[in-house]
Amino acid sequence: IYTLQPHNFTSESVVVFSETNEIPAKSSKLKVGQMYYALPCDPWSVEESSPDLAFRLYSSRDRKPEDLITFKSGELTSGIFRLQERDEIKIMHGVMNL
């Protein structure tokens with residue numbers, strides 16, 4: 001998946017497919033509100049050589065090759081992938097705020 005703006009996903013990132021008023025979620029494969037597992041990758045195109053402009057999407061936390069979600073033309077045309085904060089990080093933030 002190529003992004004218009006740089007992302008800050010890591011090999012541990014969990015993302016949620018969503019939309020805004022300006023950017024509708026349009027996909028015949030992904031469900032709005034569903035969690036997916038991102039993995040940054042190098043883009044194939046030379047023009048977009050920054051690794052923070054591309055990522056792969058997986059259906060499981062293990063990110064096995066058989067869990068890679070692939071798209072044909074038109075199966076994903078717009079949407080937003082929001083970084084889902086892991087429970088461990090939420091707990092640490094809560095403890096630090098006490």
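**Aromatic pairs in a predicted chain**

Of the 98 residues of the protein chain in this predicted model, 30% count as buried.

Trainee: Happy to start with the overall layout: in what order do the elements of the protein chain run from the N terminus on?

Mentor: Good place to begin! The secondary structure comes to 1 helix and 6 strands. Read from the N terminus on, the order is β-β-β-β-β-β-α.

Trainee: How many aromatic pairs does the structure hold, and what is the geometry of the one between Phe-9 and Phe-55?

Mentor: The structure holds 3 aromatic pairs. For Phe-9 and Phe-55, the ring centres are 5.0 Å apart and the planes meet at 85°. Planes over 60 degrees apart count as edge-to-face, so the pair of Phe-9 and Phe-55 is edge-to-face.

Trainee: And how many residues apart are Phe-9 and Phe-55?

Mentor: Phe-9 lies in the segment before strand E1 (14–18), while Phe-55 belongs to strand E4 (residues 55–58). Both residues are buried. The pair links distant parts of the chain, with a separation of 46 residues.

Trainee: Why is the pair of Phe-17 and Phe-81 classed as it is?

Mentor: The ring centres of Phe-17 and Phe-81 lie 5.3 Å apart, and because their planes stand at 45°, the pair is tilted.

Trainee: Which strands does that pair of Phe-17 and Phe-81 link?

Mentor: Both Phe-17 and Phe-81 are buried. They are 64 residues apart in the chain. Phe-17 sits in strand E1 and Phe-81 in strand E6 (residues 80–84), so the strands asked for are E1 and E6.

Trainee: Which residues form one aromatic cluster?

Mentor: Take the two pairs just discussed, Phe-9 with Phe-55 and Phe-17 with Phe-81. Together they make one aromatic cluster: Phe-9, Phe-17, Phe-55 and Phe-81.

Terms used: Residues are numbered from 1 along each chain as its sequence is written. This is a predicted model: local features need pLDDT of at least 70, side-chain atom pairs count only at pLDDT 80 or more; totals for chains, interfaces and linings use all residues. Side-chain values use heavy atoms; hydrogens and water are left out. Rings of Phe, Tyr and Trp (its six-membered ring) pair if their centres lie within 6.5 Å; planes under 30 degrees apart count as stacked, over 60 as edge-to-face and the rest as tilted. Helices (H or I, at least four residues) and strands (E, at least two) are DSSP runs, numbered from the N terminus. Buried means under 20% relative accessible area, exposed over 50%, partly exposed in between (1.4 Å probe, protein chains only).
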